[in-house]
Amino acid sequence: MEKYSRGNTSAYNVLFKRYYDPLYGYALKNVKEAEVAEELTMDVMLGLWKTKGEVAVEDNLKAYLYRSVKNAIYNHHRKKILNTVSLELVSEDLNHTSRSADHELDSRELEQVYRQKLNQLSPQRKKVYEMSREENMTYSEIARNLDLSVNTVENYMVASLSFFRKQLKEHADFTLIILISLLLG
């Protein structure tokens, strides 16, 4: 732990090997989806890497990591609740419902922000992200299709999702307001 707190990469690798599988098992037990569990666990481990020893764990790193995964699971479920309605159904429903010009403008603005942020990804990361999220392909299918390793696809997705979280955080309240107004209106 002392070597890790000084930013030693090999010390981080030891921590990763020691904690990744148990944390992944814990996440999988709670979310019941392998890809989601893997993504949540990788986010936590990536966070540990980014802090490079700056994390103030006084007593127990294991407890800290499990708590981090638990919080990630909680956030995942919280976000999932908002996504209970398929976007295709919402868009079909919206075509049949009269909405104000403000709603139409908000939706277009949000789509434009999303597309701008998507275009800021490198071409390879953008392709991997679109194949995963828009074409609903698994990581292994994407890897086969693009002649990449599954690990590379996972790394691209972790980096892309992290980028989106940071970039779209400023629009989170705006997004929530639009979704609620669309569902209630």
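This report looks at the aromatic rings of helix H2 and at helix H3 in a predicted model.

## Aromatic pairs in helix H2

Let's start with the rings. Searching the whole structure turns up 3 aromatic pairs. One of them joins Phe-16 and Tyr-20, which are stacked with 5.1 Å from centre to centre and 15° between the planes. These two residues sit 4 apart in helix H2 (residues 9-31), so about one helical turn separates them.

Tyr-20 also pairs with Tyr-24, and this pair is stacked too, with centres 6.2 Å apart and 10° between the planes. Here again the partners belong to helix H2 and are 4 residues apart, about one turn of the helix. Taken together, Phe-16, Tyr-20 and Tyr-24 make up one aromatic cluster.

## How covered the rings are

If you follow the cluster along the chain, Phe-16 counts as partly exposed because its relative accessibility is 25%. Tyr-20 has a relative accessible area of 14%, so this residue is buried. Tyr-24, at 22% relative accessibility, is partly exposed, since the cut-off for buried is under 20%.

## Helix H3

Now for helix H3, which covers residues 34-51 and has 18 residues. From first C-alpha to last, H3 reaches 26 Å, close to the 26 Å expected at 1.5 Å a residue.

Several residues of H3 are buried, and you may like to pick them out in the structure. Among them are Val-36, Ala-37, Leu-40, Val-44 and Leu-48, as well as Met-42 and Met-45. The buried residues of H3 also include Glu-38, Glu-39, Thr-41 and Asp-43.

Conventions
Residues numbered from 1 in each chain as written. Predicted model: local features only at pLDDT ≥ 70, side-chain atom pairs only at ≥ 80, totals over all residues. Heavy atoms only, no water. Expected span 1.5 Å × (residues − 1). Buried < 20%, exposed > 50% of the residue type's maximum accessible area, 1.4 Å probe, protein only. Phe/Tyr/Trp six-rings, centres within 6.5 Å; stacked < 30°, edge-to-face > 60°.
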